[in-house]
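Visitor: I've got a chain to look at and a few things I'd like to ask. Could you walk me through it?

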Amino acid sequence: MMWLSIARRSRFASLLMGATALLSDAGSASAEPLVTISGPSPFAACDISGEEGDNFLDAEVEPWVDVNPTYSDNLIAGWQQDRWSNGGSRSLMSAYSTNGGNTWKRVVVPGISKCSGGKGDFAYDRTSDPWVTFAADGSAYFNSLAFFNDRADGGGGVNAMLVNKSTDGGKTWGRPKVLIRDTDGRAFNDKNAMSADPNDARYVYVVWDRLFDTLLPAAKKTHGDAAADARARRLERYNRKEKADRPEGWYVGPTWLARTTDGGATWKEAKKIFNPGVNAQTIGNQIVVLEDGKVMNFYTEITADGRTYLGFLRSNDHGASFTPGRRAIKTDVTLNATRTPDLREPVRDGNILFDVAIDRGNGNLYLVWQDGRELGIDRVAFSMSEDNGVTWSTPAIINKTPSSLVKLRNQAFIPSVEVGPNNRVHVTYYDFRNDLGNAKELADYWAISCGFAVTGDCAAAGDWGRERRLTDVSFDMLDAPIARGHFLGDYMGLVKQGDDAVRAVFGIAIADDVNDMVTKLVP
């Protein structure tokens with residue numbers, strides 16, 4: 001939902017290497033039709049009077065998707081429904097398909113906010129960060145961040161990590177279970193992700209960062225009606241070296257984990273598994289479960305002096321304990337993140353985040369993220385490990401955006417990675433290559449891949465090609481609602497579907513302040 005801007009102090013450094021290699025079928029559109037998953041908001045009648053910020057009805061953002069391992073035609077996607085300008089959405093939505101993604105039925109995730117039927121402690125004002133995963137037995141889990149608006153004194157509202165379970169492929173969801181609930185105005189749980197063990201349905205893992213800021217007021221009442229972004233603004237000011245004027249102030253942002261060992265019947269008490277230190281934090285935590293059941297948790301680490309790394313922890317006992325954190329890659333987070341090419345308007349892109357995938361055939365690990373190395377604009381960087389994270393390849397810029405004299409048309413942003421059939425690694429991202437320099441800022445969504453079994457490696461930019469355009473037509477980024485920049489989501493969904501392809505679920509802007517969630521197969 002939100003994160004500290006400490007990494008915005010990082011340096012510039014990246015631009016696209018001109019000509020591309022291995023571009024068979026370069027830029028051609030995928031034959032699979034684009035399918036719209038989302039629809040009119042079911043929360044239009046929900047009372048949001050008195051709340052601060054702008055709410056964008058029918059603005060759907062930030063999808064995730066997973067496929068049922070027992071029946072590959074069954075998929076579930078989730079997203080934020082009716083995004084707010086200053087944090088969160090009215091509630092979260094899910095949709096399921098039982099015919100391989102050709103058609104979808106939308107389902108409200110129940111009881112996670114006041115707009116989705118939550119009562120009492122569950123009548124949260126806003127929700128964010130949807131994540132869905134299937135367990136080995138076909139059970140599905142939906143993870144969300146829910147929170148009350150910030151209090152009038154600047155302290156944070158009550159906030160919680162919730163999980164709903166479905167045993168019928170997403171047609172219905174049970175009531176939410178609470179993994180953690182913070183009533184202290186100084187604590188906020190953020191940026192969650194969830195992974196099920198692919199071979200053992202007993203184990204499901206949820207990870208997130210838990211920010212604790214001593215400069216914020218402690219709890220005096222349950223919640224208030226200040227803007228949901230008050231905490232983030234205060235933390236941003238603090239991180240811009242105001243701490244020199246307030247030596248008594250500090251914050252921490254360690255990684256927390258909750259897990260079930262009995263298929264969701266109960267959840268172990270949430271616990272801290274990694275602390276990067278005072279005035280530092282993790283964000284974007286993601287669990288990868290190896291074939292032998294061992295667990296790796298990947299994260300972005302933001303140090304007290306503004307440097308950023310991708311790191312990981314390892315557990316050999318299904319998350320009961322973890323080895324110390326290890327830094328794998330130093331990233332180069334740009335100062336300004338993505339900007340539209342002509343008007344230079346900000347695009348909120350989650351540029352401090354990453355995505356991770358594992359090849360379950362050979363055990364290789366793959367990371368993608370936005371990076372500014374070389375000429376200081378955001379593009380897609382890639383690194384891989386063939387030895388369970390012991391060593392990593394030198395980061396390479398792999399997006400195939402054609403070189404342009406207009407510097408910001410060389411950007412590529414919000415990458416996702418997944419391993420498809422035959423060890424082929426797929427990466428998706430947005431870029432502005434089709435922007436015409438007029439009153440619109442045209443963007444498209446693309447997929448590239450690397451045939452690991454053919455090339456023997458994916459570590460070099462030249463190993464990547466087979467580009468596909470996933471959008472049918474370019475869309476105007478200026479139509480996307482503004483939430484610290486024009487917003488489609490901090491992440492997009494990408495999942496292997498059966499033996500033939502991977503499926504992308506992503507956002508496009510279709511009208512002023514209106515986004516749709518759409519999907520397409522990437523063959």
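Guide: Sure, let's start with a loop. Just keep in mind that this is a predicted model, where local features need pLDDT of at least 70, side-chain atom pairs count only at pLDDT 80 or more, and totals for chains, interfaces and linings use all residues. Residues are numbered from 1 along each chain as its sequence is written, and side-chain values use heavy atoms, with hydrogens and water left out.

Visitor: Between which strands is N74 found?

Guide: Helices (H or I, at least four residues) and strands (E, at least two) are DSSP runs, numbered from the N terminus. N74 sits in a loop, and the strands on either side of that loop are β3 (60–67) and β4 (75–83).

Visitor: Why does N74 count as buried or exposed?

Guide: Buried means under 20% relative accessible area, exposed over 50%, and partly exposed in between, using a 1.4 Å probe and protein chains only. N74 has 4% relative accessibility, so it counts as buried.

Visitor: Which residues does N74 touch?

Guide: Contact here means heavy atoms within 4.5 Å. Leaving out residues up to four places away in sequence, N74 touches D66, V67, N68, S97, T98, F134 and G169.

Visitor: What share of the protein chain is buried?

Guide: The chain has 2 helices and 33 strands. Out of its 523 residues, the buried share is 65%.

Visitor: Why is R327 counted as buried, exposed or partly exposed?

Guide: R327 belongs to strand β19 (residues 326–330). Its relative accessibility is 43%, so R327 counts as partly exposed.

Visitor: Which side chain joins R327 in a polar contact of 2.9 Å?

Guide: A polar contact is a pair of N or O atoms within 3.5 Å; within protein, one must be able to donate a hydrogen and the other to accept it, and residues adjacent in sequence count only if both atoms are side-chain atoms. R327 touches T303, Y309, L310 and G311, among others. The side chain at the other end of that 2.9 Å polar contact is E301.

Visitor: What are the edge strands of the open sheet β21-β22-β23-β24?

Guide: Two strands pair if DSSP finds at least two bridges between them. In this sheet 4 strands pair antiparallel, in the order β21-β22-β23-β24. The ones that pair on one side only are β21 (354–358) and β24 (396–397).

Visitor: What is the bridge partner of Q370 in β23?

Guide: β22 (residues 365–371) and β23 (residues 379–385) run antiparallel and are joined by 7 bridges. For Q370, the partner in β23 is V380.
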